[in-house]
Amino acid sequence: MDGRTFYAGNPGSGIIRVTAGEKTVEIPVTVAKVPLETVEDFEEKTTIFDGSYADNAFFERVSGGEQVRLGRGAGMLEYKLTENNLYEAEWRADRDTEVYTRTYTALNLWVYGDGSGNELYMIYSNGAEDELELKITTLDFTGWKQVSLSSGSESFEIQGLGVRAP
C-alpha cells in the first residue's frame, strides 16, 4: 500500500482510517472469501419483479436521472394507500426468485425513500411457510439509502414487495 490506496487482497477485516486536518473518520471493511452475488440489478429489460398481479401498486423498470442509483436501471414501485385497501399495497412477482443465504449473511438493497413514513417490506417464502413478510425499511427519508436485511433462514424465495401505512 502507498498510504492512500486500499487494495483488497486476502480475506479479513480491518479499518480504513482517513484524516484531513483535525478530522478523522474510520470505516470498517471486510474482504470476503467469495464474491458478492447479484440477485437483481435492473440492467436488463426484464426483472425478477415483473409481475402477474398487484393490489394498489405498480412496478416498472426505470432508466433515468435521479431514479437510478447505480448502473442504467432501477425498479420503481408506485403505490396508493387508501382506507379502502386498509392502507396497504402489494406487488407480486410473476415467479419466485430463490436467494441462498448459506454463504451470505445479508441481502443489500438501495432504496429511494419518499419521506412518507410508510413501511416497505418483502414478501417471501422460506420453504416451510408459503408467505412471510420481512420489513425492508421505514420510508422516513428522502433520496437514496442502502439497507441490509436477513430472512434468518438458509434460503428463501422472493415473491414480491409491499408498502403499508404505520
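Q: What percentage of the 166 residues in the chain is buried?
A: This is a predicted model, so the burial figure is computed from predicted coordinates. A residue goes into the buried group when its relative accessible area is under 20%. Across the 166 residues of the chain, that group comes to 33%.

Q: How many helices and how many strands does the chain have?
A: Reading along the sequence, you get β-β-β-β-β-β-β-β-β-β-β. The tally is zero helices and eleven strands.

Q: Is serine 125 buried or exposed?
A: Serine 125 sits in strand β8, which covers residues 119-125. Beyond its neighbours within four places in sequence, it's in contact with Asp130, Phe156, Glu157 and Gln159. Its relative accessible area is 7%, and since the buried cut-off is under 20%, serine 125 counts as buried.

Q: Which strand supplies the largest share of the largest nonpolar core?
A: That core has 26 residues, and Phe49, Leu77, Met122, Ile136 and Ile158 have the most contacts inside it. Several strands each chip in at least two residues, among them β4, β6, β7 and β8. The largest share is four residues, and it comes from β11.

Q: Which residues is isoleucine 136 in contact with, leaving aside its neighbours within four places in sequence?
A: Isoleucine 136 is one of the residues with the most contacts inside the largest nonpolar core. Leaving aside neighbours within four places in sequence, its partners are Leu109, Val111, Leu120, Tyr121, Met122, Val147, Leu149 and Leu161.

Q: How many residues apart are arginine 92 and glutamate 131?
A: Their side chains meet in a salt bridge, 2.9 Å from N to O. Arginine 92 is buried at 11% relative accessible area, while glutamate 131 is partly exposed at 46%. Arginine 92 lies in strand β6 and glutamate 131 in the loop between β8 and β9, so the pair, linking distant parts of the chain, is separated in sequence by 39 residues.

Q: Why does the pair of glutamate 119 and arginine 164 tie together separate parts of the sequence, and how many residues apart are they?
A: The two side chains meet in a salt bridge at 2.9 Å, N to O. Glutamate 119 belongs to strand β8 and arginine 164 to strand β11, so the bridge joins parts whose separation in sequence is 45 residues.

Q: Which residues are linked with Arg164 in a network of salt bridges?
A: Arginine 164, buried at 19% relative accessible area, forms a salt bridge with glutamate 133 at 2.6 Å, N to O. Arginine 164 also pairs with glutamate 119. Linked with Arg164 in the network are Glu88, Glu119 and Glu133.

Technical notes. Residues numbered from 1 in each chain as written. Predicted model: local features only at pLDDT ≥ 70, side-chain atom pairs only at ≥ 80, totals over all residues. Heavy atoms only, no water. Buried < 20%, exposed > 50% of the residue type's maximum accessible area, 1.4 Å probe, protein only. Contact = heavy atoms within 4.5 Å. Core = buried A, V, L, I, M, F, W, Y, C linked by side-chain atoms within 4.5 Å. Salt bridge = Lys/Arg side-chain N within 4 Å of Asp/Glu carboxyl O.
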